[in-house]
Amino acid sequence: MKASDIKKIGVIGAGVMGPSIAELFAIFGASYDFSIIIYDISPSQLEKAKSRIETDFDKVRSTGLFNDEGLETARNRIHLETNIHSLMDSHLLIEAVPERLELKLEVFKQLDDLTPPSTILATNSSGLSITEIASVTTRPELCIGTHFMNPPLLMPLVEVVKGQHTSDQTVQTILELLSSVNKRPVLVKKDIPGYVHNRLQAALFREVMHLLDEDVMEVQDLETTVRYGLGLRLPILKVFEIVDLMGLDTILNVLTYLYPTLDRSTNPPSFLKEMIDEGKLGAKSETGFHDYSFQDIQKSMQEKESATFQLLMMMQQYD
Ligand SMILES: NC(=O)c1ccc[n+]([C@@H]2O[C@H](COP(=O)([O-])OP(=O)(O)OC[C@H]3O[C@@H](n4cnc5c(N)ncnc54)[C@H](O)[C@@H]3O)[C@@H](O)[C@H]2O)c1
């Protein structure tokens with residue numbers, strides 16, 4: 001199937017990710033006139049998704065980038081369903097159910113039985129094996145990973161993950177489709193745990209937690225180091241550009257003495273488990289490495305989304 005053949009898209013799971021994926025295709029796919037169904041087993045999740053979609057459309061309206069009529073049409077492209085048969089004639093299904101392998105296998109088997117053999121089946125898994133998920137279907141060549149970042153409507157990056165049997169045509173179709181709705185898809189050529197983005201994030205998490213564990217720095221100073229050093233550079237300079245600007249000979253000298261000293265533990269630090277046992281789960285328990293208040297979290301996340309949008313506009317000048 002070519003990208004231009006995709007007209008009907010189904011999203012499975014109306015939690016954090018599903019509704020925003022649907023909004024993306026509804027808003028940025030105006031010229032394709034997609035019809036989008038969000039399916040969930042839970043009616044209450046669909047109710048929540050409905051109000052979330054209204055809020056998100058209000059936010060998009062407030063940017064002034066789209067006219068009201070276009071947004072009204074886009075909103076009407078999204079349908080919420082508890083009947084799985086509503087997905088039957090979809091050209092593309094994007095699964096966004098919780099990150100549990102057994103559940104993904106069950107859902108992929110269900111979708112494979114339900115849809116015509118030409119339907120592409122994508123998973124928004126954060127790092128599970130596409131090959132394994134595809135193995136329960138009769139069409140592994142049409143199974144693929146589409147790892148959107150949260151929130152999918154705002155974040156440009158999507159990792160397109162090729163399973164062992166995913167066909168080049170499926171990869172091409174999904175890359176084209178995502179580009180057509182303004183995303184920045186990247187191809188992950190090998191189906192490795194965590195794909196690429198989450199591995200990079202884990203490398204940073206591993207080192208900051210190691211430095212904290214070794215009492216090299218306090219949390220606040222680690223935050224300052226990342227934000228006002230590396231963090232400030234990255235929206236403007238590309239990683240390999242930083243390497244080029246430093247000089248490959250210099251970086252070789254630095255990495256030669258640094259690599260043996262970097263954290264290479266194969267387990268997360270034990271203090272993480274201790275914090276969890278003390279009830280410090282992060283924002284969801286109002287305390288983790290920082291303190292939060294439930295009242296402020298929603299407002300603060302909205303402000304941060306809006307700041308991310310401004311940053312994105314600025315970053316594009318340095319592409
Ligand atoms: N939340 C994030 O920040 C984030 C970021 C990137 C990727 N992901 C990935 O996206 C996927 C979805 O994550 P989420 O945070 O949206 O999950 P979530 O728990 O918020 O939502 C999952 C939804 O799936 C529904 N569901 C469960 N079983 C189902 C079934 N059998 N059929 C249909 N619907 C079913 C649930 O009712 C729920 O509404 C996961 O694989 C996750 O790893 C999440």
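**Entry 1. Domain contact**

I looked up the contact between the two domains in this predicted model and found seven residues of domain 1 touching six residues of domain 2. On the side of domain 1 that meets domain 2, I noted four nonpolar, two polar and one charged residues. The domain assignment places domain 1 at 3–188 and domain 2 at 197–318. I also recorded the separation of their C-alpha centres, which is 29 Å.

**Entry 2. Helices α1 and α2**

I next examined helix α1 (residues 18–28) against helix α2 (residues 43–63); their axes come within 10 Å and cross at roughly 45°. That angle makes α1 oblique to α2. I entered the crossing of α1 and α2 as right-handed. From α1, the contact draws on G18, P19, S20, E23 and I27; from α2, it draws on A49, R52, I53, D56 and V60. Sorting the residues of this contact by class, I obtained five nonpolar, two polar and three charged.

**Entry 3. Helices α2 and α3**

I then turned to the packing of α2 with helix α3 (residues 68–76), where the angle is about 160° and the axes are 11 Å apart. Angles over 145 degrees count as roughly antiparallel, and α2 and α3 are therefore assigned to that class. For this pair, too, I recorded a right-handed crossing. F57, V60 and R61 supply the α2 side of the contact, and D68, L71 and R75 supply the α3 side. By class, I listed three nonpolar, no polar and three charged residues for the contact of α2 with α3. I noted that V60 of α2 appears in the contact with α1 and again in the contact with α3.

**Entry 4. Ligand shell**

Which residues come nearest to the ligand? Of the 21 residues around the ligand, I found these to be G13, G15, M17, E99 and N150. The shell divides by class into ten nonpolar, nine polar and two charged residues.

**Entry 5. Backbone details**

I followed N150 from the ligand shell into the backbone and found that the peptide bond from N150 to P151 is cis, with omega near -5°. P151 is placed in the loop between β6 (143–148) and β7 (157–162).

I also checked D33, which is not a glycine yet has a positive phi of about 55°. Where is D33 found? I located D33 in the loop that lies between α1 and β2 (35–39).

Definitions and conventions:
Residues are numbered from 1 along each chain as its sequence is written. This is a predicted model: local features need pLDDT of at least 70, side-chain atom pairs count only at pLDDT 80 or more; totals for chains, interfaces and linings use all residues. Axes are lines fitted to C-alpha atoms, for helices over the stretch in contact, and angles run from 0 to 180 degrees between N-to-C directions. Helices (H or I, at least four residues) and strands (E, at least two) are DSSP runs, numbered from the N terminus. Angles under 35 degrees count as roughly parallel, over 145 as roughly antiparallel, 65 to 115 as roughly perpendicular and the rest as oblique. A crossing is left-handed if the near helix is turned anticlockwise from the far one by less than a right angle, and right-handed if clockwise. Two residues are in contact if their C-beta atoms, placed from the backbone, lie within 7 Å. Ala, Val, Leu, Ile, Met, Phe, Trp, Tyr, Cys and Pro count as nonpolar, Asp, Glu, Lys and Arg as charged, and the others, Gly among them, as polar. Domain bounds come from an automatic or database domain assignment. A residue is near a molecule or strand if its C-beta atom, placed from the backbone, lies within 6 Å of it.
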